[in-house]
Amino acid sequence: MLKADRPTESDYEASKDQILVQLARLCLSGREQDVATYLQRVARRMRATNPEVAAALTTVLREAPTRMSPLKSVSAAPMPVDGDSRLPLLRIDASGVGRDEPILDDHTRGSLMQIIDERCHLDRLMEAGLNPSRAALLIGPPGVGKTMAAQWLADKLDLPLAVLDLSSVMSSLLGKTGINLRHAFDYAKQSECVLLLDELDAIGKRRADDSDVGELKRLVTVLLQQIDDWPIGAGLILGATNHPELLDSALWRRFDLAVDFALPDATRRRIALQRFSGGQLGAEVIDILVTTMAGASFNDIERHVMTIRRNAVVHGVDPDVVAVNSIRQLHDGTLVDRLAIADKLDHHGGFSQRAISGLTGISRDTLRKHRARAAKPKGA
Ligand SMILES: Nc1ncnc2c1ncn2[C@@H]1O[C@H](COP(=O)(O)OP(=O)(O)OP(=O)(O)O)[C@@H](O)[C@H]1O
Ligand SMILES: [Mg+2]
């Protein structure tokens, strides 16, 4: 668990009044779960300065007759299942543990770091009467790292990642979908986790959409209530979507933060190619792929590079040669792009003019003229 700096006894004395005020605020809001979560944090902070009170508080919390006790761990509560199919409504995704950080632009990374920083300084925020972001919406085209970012965030926050399985939640039994969603949220609330609502547009389509039947509309209504009831500062809700325009505006408003994920620019394509190639591709070839893979997602780049590496091993060929051969598929680039690739192949060495012409789809005559133009001294 990320921890803010431990308070000293005098810090605690100074903040006692603030704790009382915050507690009163939470009690009067009538949200039992938020009170319990806050008391749990106070108990944790007091362990160093006032261990007896901290232990007494922990006992009270543990024995409190509420099914929402935030002290339960993921493994303590049974995983909820659909009453009909018996399929689990959530799955715990541990694939982010110890994995590389996603490659992100500065703005996207800044937003994710903001979420982490808020959680680091939760006590400070709450004592200032502020709540941390409760829910963030990850928006972007396929394969740019939304799910990966959710896995990474959960790992950084040292929380389990629970992914809502939409196909199980949409019960075959009419009227049961809302109940499934409630059960899934109850479980997630109890177990302090990052809850990922993947492909949110599939659930969250506008309620007014004519094609939506009652079941889907009820589902959105339940979803709104559940997000509203999510305990402040406990876990974190993440929604992910490729189609933010399909989301109900009421659902949009529930997310404190919208984080945009973009297709990689040339700089990030290069970083991705270097990472995925594991040092197997030369700098010139990476240069070529940076150009030819413009418009590709990180996932496309990863798949392309892994195919190159597999082919190279299977056929016992240099990965650079396989990579260059793969650009044959990219003949439909503009002439300027293809000439740039031809230049890089020239520079790389080891490719005859006939091969470069074949690879780029540029006639040898055009290549010759291009080279003659490039060789001419400027102003001559
Ligand atoms: N930003 C990134 N940095 C590094 N690798 C990435 C990045 N984005 C995607 N990948 C690679 O592609 C795989 C698939 O990406 P991911 O599932 O996160 O995409 P997504 O944005 O959630 O797509 P979708 O909208 O289809 O769900 C990742 O597991 C990772 O290997
Ligand atoms: Mg995804």
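This note goes through the fold, the sheet, one helix pair and two cysteines of a predicted model.

1. **Overall make-up.** The protein has 18 helices and six strands. Its chain counts 380 residues, and 46% of them are buried. Take the contacts between residues with a separation of 6 or more. Of these, 75% link residues 24 or more positions apart.

2. **The sheet.** How are the six strands arranged? They form an open sheet in the order 1-3-4-5-2-6. The pairing is mixed. Strand 1 (90-92) and strand 6 (257-260) are the edge strands. Each has a single partner strand, so one side of each lacks a neighbour in the sheet. On average, neighbouring strands here are turned by 25 degrees against each other, direction ignored.

3. **Strands 2 and 6.** Look next at one edge of the sheet. Strand 2 covers residues 135-139 and runs parallel to strand 6. Four bridges join the two. One detail to find on the model: Leu138 has Val259 in strand 6 as its bridge partner.

4. **A helix on the sheet.** Which strands does helix 6 lie across? Helix 6 spans residues 146-157 and lies across strand 2, strand 3 (161-164), strand 4 (194-197) and strand 5 (236-241). Relative to strand 5, helix 6 runs at about 165 degrees.

5. **Helices 17 and 18.** Two packed helices are described by the angle between their axes and the distance between the axes. Helix 17 takes in residues 353-360, and helix 18 residues 364-375. Their axes come within 9 Å and cross at roughly 110 degrees. Helix 17 is therefore roughly perpendicular to helix 18, as angles of 65 to 115 degrees count as such.

6. **Residues at that contact.** Helix 17 contributes Gln353, Arg354, Ile356 and Ser357. Helix 18 contributes Arg364, Leu367 and Arg371. By class, the contact has two nonpolar, two polar and three charged residues.

7. **Cysteines.** How many disulfides does the structure hold? Zero. Two cysteines are worth locating on the model. Is Cys193 buried or exposed? Cys193 is buried, because its relative accessible area is 1% and the cut-off for buried is under 20%. Cys27 has 43% relative accessibility, so Cys27 counts as partly exposed. That class lies between the buried limit and the exposed one, which is over 50%.

Key:
Residues are numbered from 1 along each chain as its sequence is written. Chains are lettered from A and ligands numbered from 1 in the order in which they are written. This is a predicted model: local features need pLDDT of at least 70, side-chain atom pairs count only at pLDDT 80 or more; totals for chains, interfaces and linings use all residues. Side-chain values use heavy atoms; hydrogens and water are left out. A disulfide is a pair of cysteine sulfur atoms within 2.5 Å. Buried means under 20% relative accessible area, exposed over 50%, partly exposed in between (1.4 Å probe, protein chains only). Two strands pair if DSSP finds at least two bridges between them. Axes are lines fitted to C-alpha atoms, for helices over the stretch in contact, and angles run from 0 to 180 degrees between N-to-C directions. Contact means heavy atoms within 4.5 Å. Angles under 35 degrees count as roughly parallel, over 145 as roughly antiparallel, 65 to 115 as roughly perpendicular and the rest as oblique. Ala, Val, Leu, Ile, Met, Phe, Trp, Tyr, Cys and Pro count as nonpolar, Asp, Glu, Lys and Arg as charged, and the others, Gly among them, as polar.
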